[in-house]
Amino acid sequence: FLSLLLFDLKVSIGGDDSAYIYRTLLFLKKGVFPSFQGPLYPLILAPFVALFGPKLVLLKLLSVLFTIGTVWFTWETLKKHPGKRLAWLGVLLIITTNYSILSFATLTYSEALYMFLQSILFWLISKFEIQNSQHNNLNILKKVFPISLISILMFLARSIGITAFCAIFLWFLLTKKFKYLLFFIGLFFALYIPYHGIKTIAFHDKGTHFTDQGKGLLLKDPYKPESGNEDFIGFLNRFKDNSLLYLSKRIPQILGFLPVNSTTKFPWIALLLCGFILFSTYLAWHFKDRVTLFSGMYVILFCTVTFIVLQARWDQERLIMVAVPYIVFLFLSLGLSLNSLKRFSFLNLLFIGIFFITFFFNVGRTFSNMGKHITSLRKNLLGDPLYGFSPDLVNFIKMSQYAAENLPQDAVIVSRKPTISSIYANGREFEGLYVMPPMDPDSCLNWFKKRRAEFVIDARLRQNPNKFTGQYITTITYTLYQIQSKYPDKIKLIHKIGHSEEAYLYQLDIQ
């Protein structure tokens, strides 16, 4: 119900959500395998796009269903983990009322799918613990096969999903289930190798899906490849910066303690969260609570890998959001574990109080944002599909639609946000220009020549999407300026939309 009240009929301004749909279209039209950022989500979207086209409402409803599935499997986990039912109940209260989770439930990012797969994994782990302990090979195979399968699906949904494999590996190792571990590893590769073989033979895609993404993550600056790759000290600095950024800023924002535009960081919160996670995991190992032990190991590995591999400049809530329910679980689990130790039982009220304060802020953030969503949804349904976008994006989208409708079908059109252009231009393909070519006229012109791109949209897209500051993304503007400085006759203005934060359509002579 809340996800429908917060339903958003538009794509996000970042463009990654429309990128999944765009890669789905390229897969269906040209057979380009959607490897980048994980192939599973575009492959799931493919039959729906093939049957109905890139219909945003339908594809967004899939995300709602994935989120409902997350709630369902978390409830099933609760029933199979009796010692920590109150902790899982707290997780359910957070998931079903959290603004960030509900927002991504109506977007075509892969987060809703990934959280759904996560919830299945935790259900399988809890189910594993209560099943009979017969150690014959057939019984082991039946118990381990679904765990291996879901770990592969998580890896194919998002590259960070490899932490699920690592957590399961360590979990079997620490609980001394060595035979199960061997079956798990064998089944993982027995399932993955045929998939990789089919992908390679049928689509000529030889690399793993994180190959290109991984190359970008190794760079010091993804927008300046010439700066080279990160060194060891650089990765240590990433871990420090991201730990502070996500644990002390993003998680408080997700839970409603900080406004979304806050830049304040609280190192003591980061230290406290680290302490809660590590101590809760230790107590789970001490009390032989294997489900909680797995939860702790998964969260620790997820956060560690995320904080090391990501450039701190990304700073997106979705990168940590999927782990927040399990961080909440570990906090509540710690309270329940301490309550079982009589000398610490006085802390019980403290944990209960902190949770209810968290729940209050969590719900407060959701309801404070509901009004604007309902207004935007009503306007969108009444025939204004761009209501809610800032003027720069409205002009940019209208220009993308104009270009798609008025230029030849075989014309190559360059856009700063090609995936958004494509979604609002009924699937028309656009060429993306994200990083400026070498800043000299001939190199810039050659960039267009190599792609046979005669048309380009130059829009005044805001650097700060939340407010107008007069500063805009100049990647295309500077590229065209370089060409014009030497070849002024090669650029011709075709169309302009808007009186401020306007968008321009140019034609280039690339001969």
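**Exercise 1.** In this predicted model, decide whether Glu317 is buried or exposed, and find which side chain Glu317 meets in a salt bridge.

*Solution.*
Step 1. The relative accessibility of Glu317 is 16%. The cut-off for buried is under 20%, so Glu317 counts as buried.
Step 2. The partner of Glu317 is Arg365, with an N to O distance of 3.8 Å.
Step 3. Arg365 belongs to helix H17 (residues 348-381), whereas Glu317 sits in the loop between helix H14 (290-309) and helix H15 (318-321); the pair therefore ties together parts that are 48 residues apart in sequence.
Step 4. Arg365 has 12% relative accessibility and also counts as buried.

**Exercise 2.** State which lysines pair with Glu76, and where in the structure these residues lie.

*Solution.*
Step 1. Lys79 forms a salt bridge with Glu76 at 3.0 Å, N to O.
Step 2. Lys80 forms a salt bridge with Glu76 as well, at 3.9 Å, N to O.
Step 3. Lys79 and Glu76 are both in helix H4, three residues apart, or about one turn of the helix. Lys80 and Glu76 are also both in helix H4, four residues apart, again about one turn.
Step 4. Glu76, at 11% relative accessibility, counts as buried, while Lys79, at 38%, is partly exposed.

**Exercise 3.** Give the number of salt bridges in the whole structure and name the residues linked in a network that includes Glu111.

*Solution.*
Step 1. The search of the whole structure returns 18 salt bridges.
Step 2. Glu111 is linked with Asp16, Arg158 and Arg318 in a network of salt bridges.
Step 3. Glu111 also appears in the lining of the largest cavity, the topic of the next exercise.

**Exercise 4.** Describe the largest cavity by its volume, its lining and the helices that supply that lining.

*Solution.*
Step 1. Two cavities of 30 Å³ or more are present, and the largest holds about 50 Å³ of space.
Step 2. Its lining consists of Thr67, Thr70, Ile101, Phe104, Ala105, Glu111, Ala112, Met115 and Met321.
Step 3. At least two lining residues come from each of helices H4 (56-80), H6 (99-104) and H7 (111-130); H7 has the largest share, three residues.
Step 4. By class, six lining residues are nonpolar, two polar and one charged.

**Exercise 5.** Do likewise for the second largest cavity, and find which strand gives the most to its lining.

*Solution.*
Step 1. The volume is about 40 Å³.
Step 2. Arg416, Ile457, Asp458, Ala459, Leu461, Ile473 and Ile476 form the lining.
Step 3. Strand E3 (residues 453-459) contributes the most, with three residues.
Step 4. Five lining residues are nonpolar, none polar and two charged.

Technical notes:
Residues are numbered from 1 along each chain as its sequence is written. This is a predicted model: local features need pLDDT of at least 70, side-chain atom pairs count only at pLDDT 80 or more; totals for chains, interfaces and linings use all residues. Side-chain values use heavy atoms; hydrogens and water are left out. On a 1 Å grid over the protein atoms alone, a cavity is a set of points where a 1.4 Å probe fits but cannot get out, and a pocket is an open set with protein on both sides within 12 Å along at least five of seven lines; lining residues have an atom within 4 Å of a point. Grid points are joined across faces, edges and corners, and a volume is the space filled by probe spheres set on the points. Ala, Val, Leu, Ile, Met, Phe, Trp, Tyr, Cys and Pro count as nonpolar, Asp, Glu, Lys and Arg as charged, and the others, Gly among them, as polar. A salt bridge is a side-chain nitrogen of Lys or Arg within 4 Å of a carboxyl oxygen of Asp or Glu. Buried means under 20% relative accessible area, exposed over 50%, partly exposed in between (1.4 Å probe, protein chains only).
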